[in-house]
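Got the structure open in your viewer? Let's walk through it one selection at a time.

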Amino acid sequence: MEKIDKIALTKISYGLYVITMSDGEKDNAMICNTVMQVSNNLYAVSINKANFSHDFIRKTGKMNINVLSEDAPFSLFQDFGFRSGRDTDKLADTNFLRSANGLPVLTRYCNAFISLQAEDYIDMESHGMFICHVTEAMELGTGASMTYSYYHANVKPKPGAQNTSAKKGYVCTICGYVYEGDELPADFICPLCKHPASDFVKLEPSAAPAAPATSGSPTQKYVCDICKAEYDPAKGDPEHGIPAGTPFDQLPEDWVCPICGQGKEYFKPAN
Ligand SMILES: Cc1cc2nc3c(=O)[nH]c(=O)nc-3n(C[C@H](O)[C@H](O)[C@H](O)COP(=O)(O)O)c2cc1C
């Protein structure tokens, strides 16, 4: 009776949101699925401490929840979920308005926004949870809200969806973009997800679709680029049937991040 079935864990449903923030000088935005109404006027938002947004909201205490609708394209997730505001202005190419609290409101691909003021903070090891009350809320459209399962089924490209086997060049392990050419310039930046050349792997003729580069060491730890969860071969993932001592490159192809459910292709070697 004590077995933890990973399929059972994926039955919890989530929405998907763009959280926007501002300190008056800089704006930022990130994708988040862990937003929940926890009482009449209180919302809980869980943010990974490694994200720039975590420290930003710790400082300002304010955020807007932009509720994504089902028409939101994958490029929006790439813009706000695969890049960090530490090194880029994520909102530079996005049209937005400002709510009464001065924070950005996305007008496209969203059906509502909710402005939150943090009242409390709970330290949850890898994440911090902000307990907030609502200061403003407005409907922006009538399209259905996007759920996490809708995103997985209809928006996120399936691993290996691109036919890379016939191409020569380098593939971005983050988003699957293929650079065709013999040598990838050292300063190359992926035009889709803006990750650097170090996140590309060489395509071998008839190679399997994009997979993270492996270090060659069976003890190399890997980190999920989406939620920052770590895979440590010394521990394995026993809850999901992966025994301790399993190197990353021997994980089954359908293994997914136990925290955020993303595929192996989103992992990269830990420093
Ligand atoms: C579908 C999806 C769901 C995500 N959910 C969360 C989440 O619930 N909490 C979180 O901290 N990060 C989540 N992320 C990851 C952040 O959006 C991502 O790490 C982002 O680049 C952080 O940007 P920042 O460094 O500017 O804060 C999610 C990403 C995606 C693509």
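Start by selecting His 133. With a relative accessibility of 23%, His 133 counts as partly exposed. Look along strand β9, residues 127–139, to find its place. Now show the side chain of Glu 119 as well: the side chains of His 133 and Glu 119 are joined by a polar contact of 2.5 Å. Keep that pair on screen and bring in the other residues around the histidine. Setting aside neighbours within four places in sequence, His 133 touches Asn 41, Leu 42, Ser 115, Leu 116 and Gln 117, along with Glu 119. For a backbone distance, try Ala 118: it is 15 residues from His 133 in sequence, yet the C-alpha atoms are 6.6 Å apart.

Before going further, zoom out and colour by confidence. This is a predicted model, with a mean pLDDT of 87 for the protein and 86% of residues at 70 or more. Then pick out residues 206–211, where the pLDDT is below 50; beyond near neighbours in sequence, this stretch makes ten contacts in the model. Where pLDDT is low, the predicted coordinates should not be read in detail.

While you have the whole thing in view, switch to cartoon. You should find four helices and 15 strands. The protein has 271 residues, and 44% of them are buried. Turn on the surface and you are looking at about 14,200 Å² of accessible area, 52% of which belongs to carbon and sulfur atoms. As for contacts with a separation of 6 or more, 60% are between residues 24 or more positions apart.

Next stop: the ligand. Which residues come nearest to it? Of the 23 residues around the ligand, the answer is Asn 48, Ser 53, Arg 83, Ser 84 and Gly 85. By type, the shell divides into eleven nonpolar residues, ten polar and two charged.

Now switch on distances to the ligand's oxygen atoms and go through three residues:

- Asn 28 has a polar side-chain atom 3.0 Å from a ligand oxygen.
- Ile 31 uses its backbone, with an N or O atom 2.7 Å from a ligand oxygen.
- Lys 90 places a polar side-chain atom 2.8 Å from a ligand oxygen.

Put the surface back on around the ligand. How much of the ligand's accessible area does the protein cover? Taken on its own the ligand has 660 Å², and the protein covers 97% of that. Colour the surroundings by element and you will see β2 (27–32), β4 (42–48), α2 (52–60), α3 (74–81) and α4 (148–155), each giving two or more residues to the shell. The largest share, four residues, is from β2.

Stay in the shell and click on Asn 48, one of the residues that come nearest to the ligand. Asn 48 is in strand β4. Is it buried or exposed? Its relative accessibility is 7%, so Asn 48 counts as buried. Show the backbone of Ala 50 too: the Ala 50 nitrogen lies 2.8 Å from a polar atom of the Asn 48 side chain.

From there, move to helix α3, another contributor to the shell. Select Phe 74, Leu 76, Phe 77, Gln 78 and Phe 80, which are buried. To see what covers them, display β1 (17–22), β2, β5 (62–68), β7 (104–106) and α4, which are among the elements involved.

Two backbone oddities are worth a click. Most residues other than glycine have a negative phi, and most peptide bonds are trans. Go to the loop between β7 and β8 (110–124) and select Tyr 109. Its phi is positive, about 65°, although Tyr 109 is not a glycine. Then follow the chain to the loop between β8 and β9, where Glu 125 sits. Glu 125 also has a positive phi, near 60°, without being glycine. With a relative accessible area of 72%, Glu 125 is exposed.

Last selection: Val 178, in strand β11, residues 178–180. Val 178 has a relative accessible area of 10%, so it is buried. Finish by drawing a C-alpha to C-alpha distance from Val 178 to Lys 202: the two are 24 residues apart in sequence and 9.6 Å apart in space.

Methods. Residues are numbered from 1 along each chain as its sequence is written. This is a predicted model: local features need pLDDT of at least 70, side-chain atom pairs count only at pLDDT 80 or more; totals for chains, interfaces and linings use all residues. Side-chain values use heavy atoms; hydrogens and water are left out. A residue is near a molecule or strand if one of its heavy atoms lies within 4 Å of it. A polar contact is a pair of N or O atoms within 3.5 Å; within protein, one must be able to donate a hydrogen and the other to accept it, and residues adjacent in sequence count only if both atoms are side-chain atoms. Accessible areas come from the Shrake-Rupley method with a 1.4 Å probe; for residues, only the protein chains shown count as cover. Ala, Val, Leu, Ile, Met, Phe, Trp, Tyr, Cys and Pro count as nonpolar, Asp, Glu, Lys and Arg as charged, and the others, Gly among them, as polar. pLDDT is the predictor's confidence in each residue, from 0 to 100. Contact means heavy atoms within 4.5 Å. Buried means under 20% relative accessible area, exposed over 50%, partly exposed in between (1.4 Å probe, protein chains only).
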